[in-house]
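Let's take a walk through this protein together, starting with the whole and then stopping at a few spots along the chain. Keep the picture open as you read.

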Amino acid sequence: MANEPNIGSNPPLDEENKDLRKEAQGLWQQIKIFVSELLNIKNDTDRDSTIEAVKKDIPFKGHNAWILIFSIFVASIGLNVSSTAVVIGAMLISPLMGPIVGIGLSVAINDIDTLRRSLVNLGVMIFLSVITAFIYFKISPITKATPELLARIYPTILDVLVALFGGLALIVAKTKKGTIASVIFGVAIATALMPPLCTVGYGLAIGNWSYASGAMYLFSINAVFIALSTFLVSKLLGFPLVKYANQKRRKRIAFIASLIAIIVMVPSVYLFINLLRIQVFETKTNDFVTNVIKYEGTEVVKSTQDFKSKDINVYLIGQPVPSSKINSWIAELKKDEALKDANLKIHQGSDQSSDLAEQLSSSVKAGILEDLYLKNQEALQSKDARILLLEDQLSKLKGAGIPFEGLSRETKINYPNIQRFSFSNELVSTFSATDSINTTLDTIPTFTVKWVDSIPQQTIIKDQKRLRAWLYEKFDMDTIAINRIQ
């Protein structure tokens, strides 16, 4: 009986595992289907309408040209007075995206005619924008470089990322059936193609070639990555290639388009990596100076870094830092992979050989003077408040210096009906009606008078009023209290 099979027992363990695997596979398939439907944009893409809409936005003639000119004037004014709101408004009305998107799409679909038109109109757009901004800044009486202008003279890794993802959002919005206008406006603001062109005009107007070249570099970065985004999305969505009757022409056009795509992509990747390295170096340097360069009695007044030379200059004031501490900072610097090739240079106020007074830039000196000025202003305000408080207390306690002996004799001569005359400083607390904790404490000079009982009540009231007026006038105080006792 012991060897008989166990009829009616649970199914074997391997069958349970098979059921679990089937359920897991079914759940995974459902997740894949959900994600696919969530992120799929091919089914809702209108390729023909997108190509037609992009081609329609390429030309810069008539209305578009005038809109561009006026929007450039508006943006230049905004940059000139450092008004972010005005610059954003100008970007909303400016038709700058058309030729750039046209370049990316035409390369993706091998449309050489559209590519030629896009390049020509892009050149017209750049020329018209720069010459308009140049004219404005040439006649403008305000020539100082504002923060809005200085922010557009050199690209950062953030500008590249904004252009890349903004371009992706733009072309995806354009390919959807029923274009999403809000996305297009948002990309126009985020990628900021117009302000760099206005800054180029500003640089040319004041003769600063570094401003002009830096701003043009920023514009080029934005334009390239928007075009690159358009190219990648168009390829991903399978936009149909333009067909040519001539087989040789088709191959030649395909080769030219591929060559242009490579020419755009390779430098873009290089620029992206280079800007990323610069950004990492600057961020790591700032973190190092903030977190590591510390010594009791010493303050960091300025730090600069140069990615090309790998020099990190730190300017200190206060107690001299010993060389052993500086060596420990250098050793800590070498531990960071991004800063291991950097050269740390410490400039101290007590180190005359470093000639700190000359090495500190005018901006640093101005910053130090500004800090000292603010601190002195705070100290003066604090002292002024204390003086006012003491004067107030002095005025309240002024009665303490009253020559009471002489005053009592003079009072008796003027008011013979007084039987008793006394003086004291009375401390009075005034409680707030809404806050029982906070109170106001005042010191009030108080005179106490007892009149002869035999004189009429009317005479006492009259004499007490005269006494009050006399004491007010004699001591020039309006806080005197006069009490009468029976």
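A good place to begin is Phe127, which sits in helix H6. Keep in mind as you look around that this is a predicted model. Is Phe127 buried or exposed? With a relative accessible area of 57%, Phe127 is exposed, because anything over 50% counts that way. Phe127 also has company: together with Ile131, Ile135 and Ile139, Phe127 makes a nonpolar surface patch of about 420 Å².

Now zoom out for a moment. The protein has 17 helices and six strands. Of its 486 residues, 34% count as buried. The accessible surface adds up to about 29,300 Å², and 60% of that belongs to carbon and sulfur atoms. Then there's the matter of who touches whom: among contacts with a separation of 6 or more, 72% are between residues 24 or more positions apart.

Next, the charged pairs. Side chains of opposite charge can pair when their charged atoms come close. How many salt bridges does a search of the whole structure find? The search turns up six. One of them joins Asp111 and Lys55, whose side chains meet at 3.4 Å, N to O. Asp111 lies in the loop between helix H5 (97-108) and helix H6 (112-139), while Lys55 belongs to helix H2 (residues 47-56), so this pair ties together parts that are 56 residues apart in sequence. The two partners have their own surroundings: Asp111 is buried, at 7% relative accessible area, whereas Lys55, at 31%, counts as partly exposed.

Two other salt bridges can be found further along the chain. Glu332 pairs with Lys335, with the closest N and O atoms 3.6 Å apart. Here Glu332 is partly exposed at 37% relative accessibility, and Lys335 is exposed at 65%. Then Lys340 and Glu337 bring their side chains together at 2.8 Å, N to O. Lys340 counts as partly exposed, with 37% relative accessibility, and Glu337 as exposed, with 59%.

Let's turn to a couple of helices. Take H11, which runs over residues 209-236: at 1.5 Å a residue, its 28 residues should span 40 Å, and the end C-alpha atoms are indeed 40 Å apart, so the two values agree. Just after H11 comes Gly238, with a positive phi of about 70°.

H17 (residues 457-475) passes the same kind of check. Its 19 residues should span 27 Å at 1.5 Å a residue, which agrees with the 27 Å between its end C-alpha atoms. Which residues of H17 are buried? They are Ile460, Asp463, Gln464, Leu467, Trp470, Leu471 and Phe475. If you look down the axis of H17, these buried residues fall within an arc of 130°, so they line one face of the helix. Turn to the face directed away from that buried side and you'll meet the exposed residues Gln458, Lys462, Lys465 and Glu473.

Our last stop is the backbone. Most residues other than glycine have a negative phi. Just after H17, though, Asp476 takes a positive phi of about 50°. Lys310 isn't a glycine either, yet has a positive phi of about 65°. You'll find Lys310 in the loop between strand S1 (298-306) and strand S2 (311-318).

Methods: Residues are numbered from 1 along each chain as its sequence is written. This is a predicted model: local features need pLDDT of at least 70, side-chain atom pairs count only at pLDDT 80 or more; totals for chains, interfaces and linings use all residues. Side-chain values use heavy atoms; hydrogens and water are left out. Helices (H or I, at least four residues) and strands (E, at least two) are DSSP runs, numbered from the N terminus. The expected span of a helix is 1.5 Å times one less than its number of residues. A salt bridge is a side-chain nitrogen of Lys or Arg within 4 Å of a carboxyl oxygen of Asp or Glu. Buried means under 20% relative accessible area, exposed over 50%, partly exposed in between (1.4 Å probe, protein chains only). Patches are made of residues with over 30% relative accessible area and no salt bridge: like charges are joined within 9 Å, nonpolar side chains (Val, Leu, Ile, Met, Phe, Trp, Tyr) within 5 Å. Accessible areas come from the Shrake-Rupley method with a 1.4 Å probe; for residues, only the protein chains shown count as cover. The arc is that of the directions from the helix axis to the C-beta atoms. Contact means heavy atoms within 4.5 Å.
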